[in-house]
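Hi everyone, and thanks for making the time. I'd like to walk you through a structure that is new to most of us, so please have a look at it while I talk.

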Amino acid sequence: MSNETKIITAISDLWCDADFLHTINEMGIDVLQITSACMDKDGSDCVIKNTHSELSRMSMLMDTNASMLQTAISDESLPPVEGQDLKRITDLFYPIVEILQKEKEGVCSKRIEDKSIVILSSLSKVLFRIPATEFLEEVSKLFETINRGKSADFVLTAETFAIKIHCRPNKTESSDKTDIRIVLHDRRTKTNSELGFSIKSQLGGDSTLLNASKTTNFTFKIVGANLSDEDIERINAINPKQNKVIKRFDAIRRHGGGLIFDGIDNQTFNDNLLLLDGDLPLIMASLLVEQLNTRKSMLHDLVDVLADKNPLKYNSRAYSFYVYKIKHLLTSTALGMMPGTFWNGRYDANGGYLVVKKDGDILCYHFYDRNRFEDYLFANAYLERASTTRHNYASIVKESDGSLSFKLNLQIRLQ
């Protein structure tokens with residue numbers, strides 16, 4: 001091409017036959033822009049093939065900078081390896097149309113227009129416009145501040161940036177798993193869909209999948225041990241800085257005692273598990289005990305142990321039974337189920353997870369690709385012991401009938 005002003009138009013694989021391309025070239029179009037976020041490989045190949053007939057007069061421009069979410073879809077049957085860095089799959093993504101945020105005045109919209117970030121009110125009034133390059137500079141500064149780990153600097157930087165872009169924090173209801181709502185373009189159906197996503201960040205500590213509370217306490221009966229009041233008092237007084245629950249459990253075992261699941265303290269949480277699967281209360285109780293027996297925390301490791309012991313007496317495919325049921329629990333907890341709130345089986349975060357990596361990259365585990373989403377949860381979930389005093393567990397309690405009880409608490413995090 002000569003160094004003259006060129007007229008560029010974006011082209012789609014839905015309308016790119018040779019006659020059409022010849023017509024727009026005669027109208028003065030010099031360059032065809034292929035936007036990678038709007039076509040898959042087959043679509044791009046179609047445009048390129050049909051353009052070749054006009055290549056002597058028209059050129060092509062490949063735009064790879066469209067706003068997009070990189071997904072983690074894969075044809076591989078194996079789950080991610082524990083500790084392995086999450087990697088984007090470059091040819092699989094969902095273009096972002098706009099981001100929606102709930103404000104006091106209504107729902108505002110954030111979108112890209114003419115290489116700028118534009119914020120619109122619920123009445124489509126432009127509240128703020130900032131060049132995308134400047135926006136990226138501000139985001140980079142905020143990211144660096146987060147990584148420095150100084151809370152005072154972070155609060156100041158974040159607040160200053162939030163005010164600048166007219167973004168006021170709006171706390172979602174505690175029963176809502178959705179952190180952000182995004183309108184995505186689905187290249188397969190050629191439609192736009194508004195979806196809710198839960199955000200999990202690797203920048204700070206590990207994120208919580210199922211929060212600990214008194215609601216998530218499991219009660220066990222102590223059997224096989226003849227403990228005096230002095231023994232009970234001595235065991236309950238064990239209070240090291242680390243592994244308090246394990247050491248108290250070990251003391252019970254030294255007296256010949258074992259734990260038999262008696263029930264979940266909170267009826268709502270019990271009902272939510274039963275809604276998912278009738279075996280889940282006993283399965284999760286067994287996992288809590290195996291965590292103490294084996295000192296393992298990763299769920300996929302504990303499931304290996306559980307499948308070998310097979311407390312539910314499944315057939316030779318026991319491992320598949322346990323994996324399926326636990327994946328169902330993890331997915332439901334990730335997208336909708338809260339332990340202390342009656343759950344009807346509907347997902348709040350119907351889009352899936354956005355995972356912010358330590359390097360600032362953002363990956364999307366889309367619920368459209370449920371297998372990969374479940375594999376991610378199962379490979380990265382682990383049991384963690386929360387505060388015993390705050391949640392009132394891990395002490396031997398002598399009941400009115402003389403039986404002895406011991407509570408364990410369920411909390412699940414993602415590494």
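Let me start with a bit of vocabulary for later. When I sort residues by type, Ala, Val, Leu, Ile, Met, Phe, Trp, Tyr, Cys and Pro count as nonpolar, Asp, Glu, Lys and Arg count as charged, and the others, Gly among them, count as polar.

One caution before we go in: what you see is a predicted model.

Now the overview. The chain holds 12 helices and 19 strands. It has 415 residues, and 45% of them count as buried. If we take contacts between residues at least 6 apart in sequence, 66% of those join residues at least 24 apart.

Let's begin with the empty spaces. Rolling a probe the size of a water molecule over the atoms shows where empty space is left. How many cavities of 30 Å³ or more does the count come to? There are 2.

The largest cavity has a volume of about 50 Å³. Its lining is made by Val 245, Leu 288, Gln 291, Leu 292, Arg 385, Tyr 393, Leu 408 and Asn 409. Helix 8, residues 280-294, and strand 18, residues 404-409, each supply at least two residues of that lining. The largest share comes from helix 8, with 3 residues. By type, the lining of the largest cavity divides into 5 nonpolar, 2 polar and 1 charged.

The second largest cavity has a volume of about 30 Å³. Around it you'll find Tyr 94, Leu 184, Asp 186, Thr 191, Ser 193, Leu 195, His 366 and Tyr 368. Strand 9 (180-186) and strand 10 (191-201) each bring at least two residues to this lining, and strand 10 gives the most, with 3 residues. Here the vocabulary comes back: the lining of the second largest cavity divides into 4 nonpolar, 3 polar and 1 charged.

Next, a sheet. Strands of a sheet pair through backbone hydrogen bonds, either parallel or antiparallel. Please find the open sheet of 3 strands with the order 11-19-16, where the pairing is antiparallel. Which strands stand at the edges? They are strand 11 (207-210) and strand 16, each with a single partner strand, so one side of each is left without a neighbour in the sheet. From one strand to the next, the twist averages 40°.

Strands 16 and 19 pair in the antiparallel sense over 3 bridges. One pair to click on is Ala 381, whose bridge partner in strand 19 is Leu 414. Helix 11 packs on this sheet and touches strand 16 and strand 19, and its direction makes about 35° with that of strand 16. Helix 10 lies across strand 11, strand 16 and strand 19, running at about 115° to strand 11.

Let me stay with helix 11 for a moment, residues 370-380. Why can we call this helix largely enclosed by the rest of the structure? Because 9 of its 11 residues are buried, and here buried means under 20% relative accessible area. The buried ones are Arg 372, Phe 373, Glu 374, Asp 375, Tyr 376, Leu 377, Phe 378, Ala 379 and Asn 380. What covers them includes helix 9 (299-309), helix 10 (318-335), strand 14 (352-356), strand 15 (362-366), strand 16 (381-383) and strand 19 (412-414).

Helix 10 has come up twice now, so let's visit one residue there. Ser 332 lies in helix 10. Is Ser 332 buried or exposed? Its relative accessibility is 0%, so Ser 332 counts as buried. Leaving aside neighbours within four places in sequence, Ser 332 is in contact with Leu 276, Met 337, Trp 343 and Tyr 347.

My last stop is strand 12, residues 217-223. This strand is mostly covered, with 5 of its 7 residues buried. Strand 12 pairs with strand 18 in the antiparallel sense over 5 bridges, and Thr 219 stands opposite Lys 407 in strand 18. Strand 12 is also joined to strand 13, residues 258-264, by 6 bridges, and these two run antiparallel. There, Ile 222 stands opposite Leu 259 in strand 13. Strand 18 should sound familiar, since we met it in the lining of the largest cavity.

That's my tour. Thank you for listening!

Definitions and conventions:
Residues numbered from 1 in each chain as written. Predicted model: local features only at pLDDT ≥ 70, side-chain atom pairs only at ≥ 80, totals over all residues. Heavy atoms only, no water. Buried < 20%, exposed > 50% of the residue type's maximum accessible area, 1.4 Å probe, protein only. Helix = DSSP H or I, 4+ residues; strand = E, 2+ residues; numbered from the N terminus. Contact = heavy atoms within 4.5 Å. 1 Å grid on protein atoms, 1.4 Å probe; cavity = no way out; pocket = protein on both sides within 12 Å on 5 of 7 lines; lining within 4 Å. Points joined across faces, edges and corners; volume = space filled by probe spheres on them. Pairing = 2+ DSSP bridges. Axes fitted to C-alpha atoms, helices over the stretch in contact; angles between N-to-C directions.
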